Amino acid sequence: MAVLEILTIGHPILTKKAARVEKIDDELVRLAKDMIETMHRAPGVGLAAPQVNVGKRLITVDLSVGENKDELLILVNPEIVRQEGESVCEEGCLSVPDIREKVTRPYRVLVTAQDLEGQDVEIEGEDMMARVLCHEIDHLEGKLFTDRLSPLKRSLLRKKLKNTAGAGLKL
Ligand SMILES: [Zn+2]
């Protein structure tokens, strides 16, 4: 396994829609394992393949950050099929270093996906789990959490990021 480089805001792949995984092969399994190691090392509770420069619909989630094996999720082609309620909470992203902002997300989601064996799985997530699933699936659509902020918040953030991340940011 290897720790991969996590790309940060400004990299074009982070704004592109990721492609559906048609075949689960050794390469994808290796990528998933590397993503888990990268996520745990960061440390983070979720990672999407585009963040490590792979435009495929694959995410890893682990609210326990490596503490509890049962909490680790590897989801291929995840899709939100139902959502309920609303929750506002501060959110951050490994690809947007040092920025945390309040983001509105559904309180509960139902996600369908495949596991690494190609079996269909259904995940019901509440609260933090729903938030992380939505955040990672947004990455597959080329969306960062900053895209969900108000225009005013985004303009303030753009000024703040100008000093650290350079020009040309699309916020
Ligand atoms: Zn993120």
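Trainee: In which sense do strand β3 and β6 pair, and over how many bridges?

Mentor: One reads a pairing from its direction and from the bridges that make it up. In this predicted model, strand β3 (residues 73–84) runs antiparallel to β6, and six bridges connect the two. One of the bridge partners can be named: Arg108 in β6 is matched with Glu84.

Trainee: Which strand is joined to β6 by seven bridges?

Mentor: That strand is β7 (residues 120–126), and its pairing with β6 is antiparallel. A point of register is given by Leu110, which faces Glu124 of β7.

Trainee: How many residues lie between the strands in the hairpin of β6 and β7, and which residue there takes a positive phi?

Mentor: For a hairpin, one examines the connecting segment and its backbone angles. Five residues separate β6 from β7 here, and Gly118 adopts a positive phi near 85 degrees.

Trainee: Why is strand β6 described as largely enclosed by the rest of the structure?

Mentor: The reasoning rests on burial, for which the cut-off is under 20% relative accessible area. Strand β6 covers residues 108–114, and five of its seven residues are buried, so the rest of the structure largely encloses it.

Trainee: Turning to pockets, how much space lies in the largest pocket, and which residues lie nearest its centre?

Mentor: One begins with the volume and then considers the lining. The largest pocket holds about 360 Å³ of space. Its lining comprises 19 residues, with Val45, Gly92, Cys93, Leu94 and Arg100 nearest the centre.

Trainee: Which element supplies the largest share of that lining?

Mentor: Helix α2 does, with six residues of the lining of the largest pocket. At least two residues each come from β4 (87–93), β5 (96–105) and α2 (128–140). Sorted by class, the lining of this pocket contains eight nonpolar, six polar and five charged residues.

Trainee: What is the volume of the second largest pocket, and which residues line it?

Mentor: The second largest pocket contains about 160 Å³ of space. Its lining consists of Val29, Lys33, Ile36, Ile74, Leu75, Asp115, Leu116, Glu117 and Val121.

Trainee: Which elements each supply at least two residues of this second lining, and how do its residues divide by class?

Mentor: Both α1 (26–41) and β3 supply at least two residues each, and α1 provides the largest share, three residues. By class, the lining of the second largest pocket has six nonpolar residues, three charged residues and no polar ones. Strand β3 thus appears in two readings: in the lining of the second largest pocket and in the antiparallel pairing with β6.

Conventions: Residues numbered from 1 in each chain as written. Predicted model: local features only at pLDDT ≥ 70, side-chain atom pairs only at ≥ 80, totals over all residues. Heavy atoms only, no water. Buried < 20%, exposed > 50% of the residue type's maximum accessible area, 1.4 Å probe, protein only. Helix = DSSP H or I, 4+ residues; strand = E, 2+ residues; numbered from the N terminus. Pairing = 2+ DSSP bridges. 1 Å grid on protein atoms, 1.4 Å probe; cavity = no way out; pocket = protein on both sides within 12 Å on 5 of 7 lines; lining within 4 Å. Points joined across faces, edges and corners; volume = space filled by probe spheres on them. Nonpolar A, V, L, I, M, F, W, Y, C, P; charged D, E, K, R; others polar.
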